[in-house]
Amino acid sequence: MRTVRYEKLRPDEILHVIKTNPIAYLAIGPLEWHGPAMPYGTDPAAAYEAALSAAKQTGGVVLPPIYAGTERERSEEILDAMGFQDTSQYIIGQDFPANCIPSLYFREEIFSLIIREYLRLLVKQGFRLIVIVNGHGATNQWEVLNRLAIEFSNECDCFVHVTMAIDSDDPEMKYEGHATRSEHAVQMYLHKEDVDLSLLPPKPEKLRGCEWGINGAMTYALMPNEDKTVEEQCDPRNATSEAGERFFNAGVKKLV
Ligand SMILES: [Zn+2]
């Protein structure tokens, strides 16, 4: 194939894919705060690049990235783990009061309708395996995608699979969370010019998640460290594009 990018294909080329290898990849992620050093399109960029790399190996097409994602209000328990004093605050996703601008989170029902429509249209066109490459780990995002995947897989002549964009069984990933080392590293590997680590305070100053909108996996698991700061293992200031290449390739391998 000339390209796996759906929007660049002509009708006869799309038809050829549908007849021979009817796979469509849908890369999804919100435009979202990822700390001061990172682009807003971090999640969809990682998902889209992973989908392009996977499709080059498996065949099929990749739809243009869907810049959409959803979040919900934070619970008191998680706000406490993140280090907030006032745990009764109304905070959506990673939109913390200290951030200079909010994210473009969609309301859950609107997000769901957009993805539903893409699935309906791709099934109608004849795609039989739709791979949703999800760049955003919010609980309600997963719930929406999994609900739609189950429905379409059982009610239509297709199978919808949902997977995380940069996922691997690498033990190094254990501490990674939102806007931590691996996301910075992958973005440095894919689009180095979009990342500016100098916008984070220099080490050895600790990063408080509630001040920077950066949180490791242990925080989301309600097991933060004593001072409720970003763990050394996932500190974004340790990111390198070499590590990003490793994380990205492991993610693509799993996706394929
Ligand atoms: Zn992200």
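Here is a short chat about reading the sheet and the core of this predicted model.

Trainee: Let's start with the sheet. How many strands does it have, and in which order do they sit?

Mentor: This open sheet has four strands in the order 2-1-3-4, with parallel pairing. Strand 2 (61-62) and strand 4 (159-164) are the edge strands, each pairing on one side only.

Trainee: How many bridges hold strand 1 to strand 2, and how many to strand 3?

Mentor: Strand 1 (residues 23-28) pairs with strand 2 over two bridges, and with strand 3 over six. Look at Ala24: its bridge partner in strand 2 is Val61, and in strand 3 it stands opposite Ile130. Ile130 then has Val160 as its bridge partner in strand 4. Strand 3 and strand 4 run parallel, joined by six bridges.

Trainee: And the side chains of strand 1? Are they buried or exposed?

Mentor: The general idea first: in a regular strand, side chains alternate between the two faces of the sheet. Now the case here: six of the six residues in strand 1 are buried. Ile23, Tyr25 and Ala27 lie on one side, with Ala24, Leu26 and Ile28 on the other, so to speak a strand covered on both faces.

Trainee: Which helices pack on the sheet, and which strands do they touch?

Mentor: Helix 4 (residues 108-125) touches strand 1, strand 3 (129-134) and strand 4, and its direction makes about 165° with that of strand 1. Helix 5 (residues 139-155) lies across strand 3 and strand 4, at about 160° to strand 4.

Trainee: What handedness do the β-α-β units have?

Mentor: Strand 1, helix 2 and strand 2 make a right-handed unit. Strand 3, helix 5 and strand 4 make a right-handed one too.

Trainee: Now the core. Which residues have the most contacts inside the largest one?

Mentor: As a general idea, nonpolar side chains tend to be buried together in soluble globular proteins. In this model the largest nonpolar core has 58 residues, and those with the most contacts inside it are Tyr25, Leu26, Ala27, Ala50, Ala51 and Val133. Helix 2 (residues 42-58) gives the largest share, eight residues. There is also a second, separate core of five residues, including Ala81, Met82, Phe84 and Phe96.

Trainee: Can we zoom in on one residue? What does Ala27 touch?

Mentor: Leaving out residues up to four places away in sequence, Ala27 touches Pro44, Ala47, Tyr48, Ala51, Val62, Pro65, Ile66, Val133 and Gly135. Try finding Ala27 on strand 1, where it shares a side with Ile23 and Tyr25.

Note on methods. Residues are numbered from 1 along each chain as its sequence is written. This is a predicted model: local features need pLDDT of at least 70, side-chain atom pairs count only at pLDDT 80 or more; totals for chains, interfaces and linings use all residues. A nonpolar core is a set of buried Ala, Val, Leu, Ile, Met, Phe, Trp, Tyr and Cys residues joined through C-beta atoms within 7 Å. A residue is buried if 20 or more other C-beta atoms lie within 10 Å of its own, exposed if 12 or fewer, and partly exposed in between; C-beta atoms are placed from the backbone. Two residues are in contact if their C-beta atoms, placed from the backbone, lie within 7 Å. Two strands pair if DSSP finds at least two bridges between them. Axes are lines fitted to C-alpha atoms, for helices over the stretch in contact, and angles run from 0 to 180 degrees between N-to-C directions. A crossover is right-handed if, with the strands pointing away from the viewer, the path from the first strand over the helix to the second runs clockwise.
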